[in-house]
Amino acid sequence: MRSVRSLVIGLCYNTHRETERVLIVIVIGVKEFQARRIGWTGVNVPDEAGQRALTKAFAEKRCIPVFLDEDIVQQYYNGYCNNILWPLFHYLGLPQEDRLATTRSLQSQFAAYKKANEMFADVINQNYKEGDVVWCHDYHLMFLPKCLKKHNLFI
């Protein structure tokens, strides 16, 4: 088995690291790797000083934060991911609300979904080094591969 560096991309940092490790070993076929995790912090940090402090603290754990503002989180995570994708992937169907209102909110939620995935792509591209394996984790980031290809054809 070969040894590689990798970037593991997830929505939050509370992923199951051992499960993640086993999957990478099996799917990619590597025995040794050094993972750097990129993910949403789970909290709103609007000021640059707070973001710098959190980035420094996370770096000690080989983690790289993606800072999403409250509106993006509301539309992307609470909206599109949890109200649209999660029910569809669990065979529950879409909510049967007023269709016009649903269409309007769907459009803004999908725009936020794309924006959040683009924000992840920006952070990945800032930290990507040739030879890294990028492992995208979960349905919250299904648009991410397209965003990454737009920035870097070799990822």
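Helices (H or I, at least four residues) are DSSP runs, numbered from the N terminus. By that count Ser 108 sits in helix 4. The model described here is predicted. Its secondary structure comes to five helices and four strands, and from the N terminus on the elements run β-α-β-α-β-α-α-β-α.

**The protein as a whole**

- The protein has 155 residues, of which 39% count as buried.
- Take the contacts between residues at least 6 apart in sequence: 81% of them join residues at least 24 apart.

**Helix 3**

- Helix 3 covers residues 70-89, which makes 20 residues.
- The C-alpha atoms at the two ends of helix 3 are only 25 Å apart, whereas a straight helix would reach 28 Å at 1.5 Å a residue.
- Helix 3 also has a bend of about 40°, placed at Cys 81.
- Cys 81 is one of the buried residues of helix 3. The others are Ile 72, Val 73, Tyr 76, Gly 79, Tyr 80, Ile 84, Leu 85 and Pro 87.
- The N-terminal end of helix 3 is capped by Asp 69. A side-chain oxygen of Asp 69 lies 3.1 Å from the backbone nitrogen of Asp 71.
- After helix 3 comes Tyr 91, which has a positive phi, near 60°.

**Helix 4 and residues far away in sequence**

- Helix 4 spans residues 99-127, and Phe 110 is part of it. Ser 108 and Asn 125 belong to helix 4 as well.
- Phe 110 is partly exposed, at 30% relative accessibility. Its C-alpha is 7.9 Å from that of Gln 75, although the two residues are 35 apart in sequence.
- Ser 108 has a relative accessible area of 34%, so it counts as partly exposed. Between Ser 108 and Gly 79 the C-alpha distance is 9.2 Å, with 29 residues separating them in sequence.
- Gly 79 is among the buried residues of helix 3.
- Asn 125 is partly exposed, with a relative accessibility of 24%. Asn 125 and His 151 are 26 residues apart in sequence, and their C-alpha atoms are 7.4 Å apart in space.

**Helix 5**

- Helix 5 is made of residues 144-151, and its residues Leu 144, Cys 147 and Leu 148 are buried.
- Why do the buried residues of helix 5 line one face of the helix? Seen down the axis of helix 5, they fall within an arc of 100°, so they share one face.
- Lys 146 and Lys 150 are exposed, and they are carried by the face of helix 5 turned away from the buried side.

**Cysteines**

- How many disulfides does a search of the whole structure find? The search finds zero.
- A disulfide requires two cysteine sulfur atoms within 2.5 Å. For the sulfur of Cys 147, the closest cysteine sulfur is that of Cys 136, at 9.8 Å, which is too far for a bond.
- Cys 147 is buried, because its relative accessible area is 2% and the cut-off for buried is under 20%.
- Cys 63 is buried too, with a relative accessible area of 5%.

**Two arginines**

- Is Arg 36 buried or exposed? Arg 36 is buried, at a relative accessible area of 10%.
- Arg 36 is in strand 2, which runs over residues 30-40.
- The side chain of Arg 36 has a polar contact of 2.7 Å with the side chain of Asp 132.
- A polar atom of the Arg 36 side chain also lies 3.1 Å from the backbone oxygen of Asn 127.
- Where is the place of Arg 62? Arg 62 is in the loop between helix 2 (48-59) and strand 3 (63-66).
- Arg 62 is partly exposed, at 38% relative accessibility.
- The phi of Arg 62 is positive, near 60°, in a residue other than glycine.

Note on methods
Residues are numbered from 1 along each chain as its sequence is written. This is a predicted model: local features need pLDDT of at least 70, side-chain atom pairs count only at pLDDT 80 or more; totals for chains, interfaces and linings use all residues. Side-chain values use heavy atoms; hydrogens and water are left out. Buried means under 20% relative accessible area, exposed over 50%, partly exposed in between (1.4 Å probe, protein chains only). The arc is that of the directions from the helix axis to the C-beta atoms. The expected span of a helix is 1.5 Å times one less than its number of residues. The bend at a residue is the angle between axes fitted to the seven residues ending there and the seven starting there. A polar contact is a pair of N or O atoms within 3.5 Å; within protein, one must be able to donate a hydrogen and the other to accept it, and residues adjacent in sequence count only if both atoms are side-chain atoms. Contact means heavy atoms within 4.5 Å.
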